[in-house]
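Trainee: Please choose one part of this model and go through it closely. After that, place it in the rest of the chain.

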Amino acid sequence: MQIKDLFSKKKYATIPSGSASAPERPKRDIPEGLMNKCSKCGNIQYSKELDKNLKVCSSCGHHYRLSAWERIGMTLDDGRLHEYDADMVSIDPLEFPGYAGKLKQQYEKNPNLNEAVVTGEGMIGGFPIVVCVMSFDFFSGSMGSVVGEKITRAIETAHAKQLPLLIFSTSGGARMQESILSLMQMAKTSAALSKFQGAGGLFISVFTDPTMGGVSASFASLGDYNLAEPGALVGFAGRIVIEQTIRQKLPDNFQTAEFNMQHGQLDMVVHRKDMKHTLTKLLDMHIVREDLSHAE
Ligand SMILES: [Zn+2]
């Protein structure tokens with residue numbers, strides 16, 4: 001007899017099926033927000049440790065989603081932003097059923113945000129820059145009139161001040177409650193970028209998880225450099241829609257940053273810990289230092 005046979009057939013315990021008959025165990029009292037469980041690998045990490053690690057899972061490298069202000073804190077020198085158009089808020093131009101109520105919920109959920117994008121001016125690695133940072137927390141980062149208008153104004157300010165432009169995107173797509181007014185933001189932002197880039201302006205676009213629909217199909221894909229965070233979902237239509245349309249199974253890594261990089265849609269996939277350094281290097285390559293010394 002082998003040792004493993006000693007254990008194979010013997011029943012040591014019976015676990016009653018159904019939770020109703022299972023003995024109640026005292027639940028461990030973990031204060032909310034103290035621990036985080038990685039959605040990719042299940043690794044449990046202290047929130048403080050996770051924050052120190054720039055919200056990247058220490059076990060599998062999964063990049064957690066960031067709010068706009070978290071990203072600004074990590075990216076800009078001293079985390080400082082001179083914000084543009086902070087008080088611009090959406091109205092309900094089409095009186096779309098339920099929209100006003102949903103907007104109200106978003107304000108309550110996000111006390112630091114008035115819309116799905118924060119725009120302004122700051123410094124990265126000592127270089128002055130105009131930045132737009134989207135937040136998935138607010139209405140799934142959807143682009144309505146205000147998101148489009150704030151981004152367009154930021155592009156125009158970068159143009160007028162001859163500053164480089166950086167946009168961190170994350171979005172579920174156009175905001176359907178604003179219908180065509182939302183879709184026209186794609187053309188508006190793209191037209192402003194075309195003028196800016198035509199005049200020699202530098203635009204660095206960073207895709208973060210997820211960037212889909214009208215945002216990926218407009219300004220986010222128009223960078224002179226298109227970067228992405230590892231694992232970020234980047235695409236237009238969702239996987240299921242495409243599979244049903246073309247009647248083919250798509251690869252597991254379809255629409256990830258790495259897949260898009262392999263297929264020539266991105267220039268670089270950059271780990272969050274290297275993002276600021278990479279941005280600084282790109283700015284250093286493009287900004288003429290004489291211009292800076294005049295500015296100082
Ligand atoms: Zn993980």
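Mentor: A residue is called buried under 20% relative accessible area, exposed over 50%, and partly exposed in between (1.4 Å probe, protein chains only). By that rule, 42% of the 296 residues in the protein chain are buried. The model is predicted: local features need pLDDT of at least 70, side-chain atom pairs count only at pLDDT 80 or more, and totals for chains, interfaces and linings use all residues. Residues are numbered from 1 along each chain as its sequence is written, and side-chain values use heavy atoms, with hydrogens and water left out.

The part to look at is the zinc site. Cys-38, Cys-41, Cys-57 and Cys-60 coordinate the zinc ion through their SG atoms, at 2.3 to 2.4 Å. Donors here are N, O and S atoms within 2.8 Å of the metal (3.2 Å for Na, K and Ca); water is not among the atoms, so sites may look incomplete. Along the chain, the donors of the zinc ion are spaced as C-x2-C-x15-C-x2-C. The angles among the 4 donor atoms run from 107 to 111°, and the site is tetrahedral. For four donors, that term requires all angles to lie between 85 and 135 degrees.

Cover differs from one ligand to another. Cys-38 counts as buried because its relative accessible area is 3%, and Cys-57 is also buried, at 3%. Cys-41, by contrast, has 37% relative accessibility and is therefore partly exposed. The structure holds 0 disulfides, a disulfide being a pair of cysteine sulfur atoms within 2.5 Å.

Ser-39 belongs to the loop between strand S1 (35-37) and strand S2 (44-46). Helices (H or I, at least four residues) and strands (E, at least two) are DSSP runs, numbered from the N terminus. With a relative accessible area of 65%, Ser-39 is exposed. Its C-alpha lies 8.6 Å from that of Tyr-64, although the two are 25 residues apart in sequence.

Tyr-64 leads on to Arg-272, which is in helix H10 (residues 272-286). Arg-272 is in contact with Leu-54, Lys-55, Val-56, His-63, Tyr-64, Leu-66, Arg-71, Met-74 and Glu-229, leaving aside its neighbours within four places in sequence. Contact means heavy atoms within 4.5 Å. Arg-272 counts as buried because its relative accessible area is 5%. Between Arg-272 and Arg-71 there are 9.9 Å from C-alpha to C-alpha, with 201 residues separating them along the chain.

Now the rest of the chain. There are 11 helices and 9 strands. Of the contacts between residues at least 6 apart in sequence, 66% join residues at least 24 apart. One residue with contacts of this sort is Leu-279: beyond its neighbours within four places in sequence, Leu-279 touches Thr-75, Ile-124, Leu-166, Phe-168, Ile-204, Val-206 and Leu-227.

Leu-279 also belongs to the largest nonpolar core, which has 56 residues; Leu-165, Leu-166, Ile-204, Phe-219, Leu-227 and Leu-279 touch the most other members. Strand S5 (residues 127-134) gives this core its largest share, 7 residues. Such a core is a set of buried Ala, Val, Leu, Ile, Met, Phe, Trp, Tyr and Cys residues joined through side-chain atoms within 4.5 Å. In soluble globular proteins, nonpolar side chains tend to be buried together.

Some backbone details remain. Asp-209 and Pro-210 are joined by a cis peptide bond, with omega about -15°, and Pro-210 is in strand S7 (residues 203-211). Arg-247 is not a glycine, yet its phi is positive, about 55°. It sits in the loop between helix H8 (239-246) and helix H9 (257-262) and is exposed, at 75% relative accessible area. Gln-255 is found in the loop between H8 and H9 too, and has a positive phi near 70°. Gln-255, however, is buried, with a relative accessible area of 6%.

Lastly, His-82 lies in strand S3 (residues 82-84) and is exposed, at 55% relative accessibility. Apart from neighbours within four places in sequence, His-82 is in contact with Thr-119, Gly-120 and Glu-121. The C-alpha atoms of His-82 and Thr-119 are 8.5 Å apart, across 37 residues of sequence.

Methods: Tetrahedral: all angles 85-135°; square planar, octahedral: opposite > 155°, others 65-115°.
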